Amino acid sequence: MKPVIVREIPRSEKDKERIAELLRYGVATISESQDKLGLLSPDIRPIQPGLKAAGTAITVRCADGDNLMLHAALEVARPGDVIVLTTISGGSRNGMFGELLANAFITRGVSALITDSGVRDVARLREMKYPVWSRYITAVGTSKNTPGWVNVPIVIGGVNVNPGDFILADDDGVVVVRREEIDVVLENASKRESKEEVTRKRILNGELTVDIYGFKKVLADLGVNYVDRL
C-alpha cells in the first residue's frame, strides 16, 4: 500500500460514553471479557506506574527511526483518541516520541501514546504524567523525512488494530477491543465485576478459593492426593 493519511476513522456519538465505561475496568477484566484476546505483548509497558488511559485508536505506521507520520497523525487526531504507533520492522529502537510531542498531544487532547518502539525524555514525561506505553526507553533521535501510513490497519505487539478500535491501558499493559465488539465486551465486563464482587466477599469471609471455585474436584480428577507429610 502506498503511503497515505486517512483523515476519518469510524466514530459514533456513543464513543464518549463507551470510553468512560471502559475506564471503569482494568485491562485484565476487559481481556477476560473477550476470551483473553486483544492483549499486546507484555514487553510494551507503561513508562511510569499508576496511569490509565482509554480512547479510540488513531493508527500510525512509520519507517524505523523516522517519526514524520507521528507528527502527521496529530493533524487528524481528535480529543479522546489514543495514538497507536508501530514501524515497518515492528519496533524501532529510536526514541520516536518525547517531551515536545507530548506537549503537542496534550494540546490536541490525545489521551495517550502506545508504541512498540522507543521513547525518550522520560524524566520529563513522568513529570508531566503523560500516559505512554512503550517497548524501549532510549535517547536515540529520529529523522523526519520518510513516508508512512496514518489510519490503516496495523499489527502491534501481536495484535491487529484497526482505526477506531478501542484501547485501554493501565499498569497491567494494553488491550485492544474491536469496535464492533465494544458493547458486548462492556456488558461482559459488568457481569464479571458483579461476579467477582461476590467472590471477593466470600474470600474476605474466610472461604478458601479451592472451595469457591470447586478446585478440590479438579485436583482429584488430576490425580493429586492430599497427605499429612512425606
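The paragraphs below lead through a predicted model, from helix packing to backbone angles and then to aromatic rings.

A starting point is the pairing of helix H1, residues 15–22, with helix H6, residues 182–204, whose axes come within 11 Å of each other and cross at roughly 30 degrees. The crossing in which H1 passes H6 is left-handed. On the H1 side the residues that take part are Arg18, Glu21 and Leu22, and these meet Ile182, Asp183 and Leu186 of H6. Sorted by class, this contact comprises three nonpolar and three charged residues, with no polar ones. Helix H6 also holds Thr199, which counts as buried because its relative accessible area, 13%, is under the 20% cut-off. If neighbours within four places in sequence are left aside, the residues in contact with Thr199 are Ile212 and Tyr213.

Helix H3, which spans residues 68–76, has Met69, Leu70, Ala72, Ala73, Leu74 and Val76 as buried residues. In general, an α-helix has 3.6 residues a turn, so residues three or four places apart point the same way. The buried residues of H3 pack against several elements: the strands S1 (4–5), S3 (53–62), S4 (81–87), S5 (112–115) and S9 (149–150), together with helix H4 (99–108).

The backbone deserves a separate look, since most residues other than glycine have a negative phi. Lys36, in the loop between helix H2 (27–32) and strand S2 (45–46), has a positive phi, near 65 degrees. Its relative accessible area is 58%, over the 50% cut-off, and Lys36 is therefore classed as exposed. Lys129 also has a positive phi, here near 55 degrees, and lies in the loop between helix H5 (122–128) and strand S7 (132–134). Lys129 counts as exposed because its relative accessibility is 54%, where the class begins over 50%.

Turning to the rings, the structure holds four aromatic pairs. One of them joins Phe97 and Phe105, with 4.9 Å from centre to centre and 70 degrees between the planes, an edge-to-face arrangement; the label follows because the angle is over 60 degrees. Phe97 and Phe105 are both buried, and ring pairs link these two residues with Tyr130 into a cluster. A contact of another kind involves Arg61, whose charged end sits over the ring of Trp149 at 5.2 Å from the ring centre.

Conventions
Residues are numbered from 1 along each chain as its sequence is written. This is a predicted model: local features need pLDDT of at least 70, side-chain atom pairs count only at pLDDT 80 or more; totals for chains, interfaces and linings use all residues. Side-chain values use heavy atoms; hydrogens and water are left out. Axes are lines fitted to C-alpha atoms, for helices over the stretch in contact, and angles run from 0 to 180 degrees between N-to-C directions. Helices (H or I, at least four residues) and strands (E, at least two) are DSSP runs, numbered from the N terminus. A crossing is left-handed if the near helix is turned anticlockwise from the far one by less than a right angle, and right-handed if clockwise. Contact means heavy atoms within 4.5 Å. Ala, Val, Leu, Ile, Met, Phe, Trp, Tyr, Cys and Pro count as nonpolar, Asp, Glu, Lys and Arg as charged, and the others, Gly among them, as polar. Buried means under 20% relative accessible area, exposed over 50%, partly exposed in between (1.4 Å probe, protein chains only). Rings of Phe, Tyr and Trp (its six-membered ring) pair if their centres lie within 6.5 Å; planes under 30 degrees apart count as stacked, over 60 as edge-to-face and the rest as tilted. A charge sits over a ring if NZ of Lys or CZ of Arg is within 6 Å of the ring centre and within 35 degrees of the ring normal.
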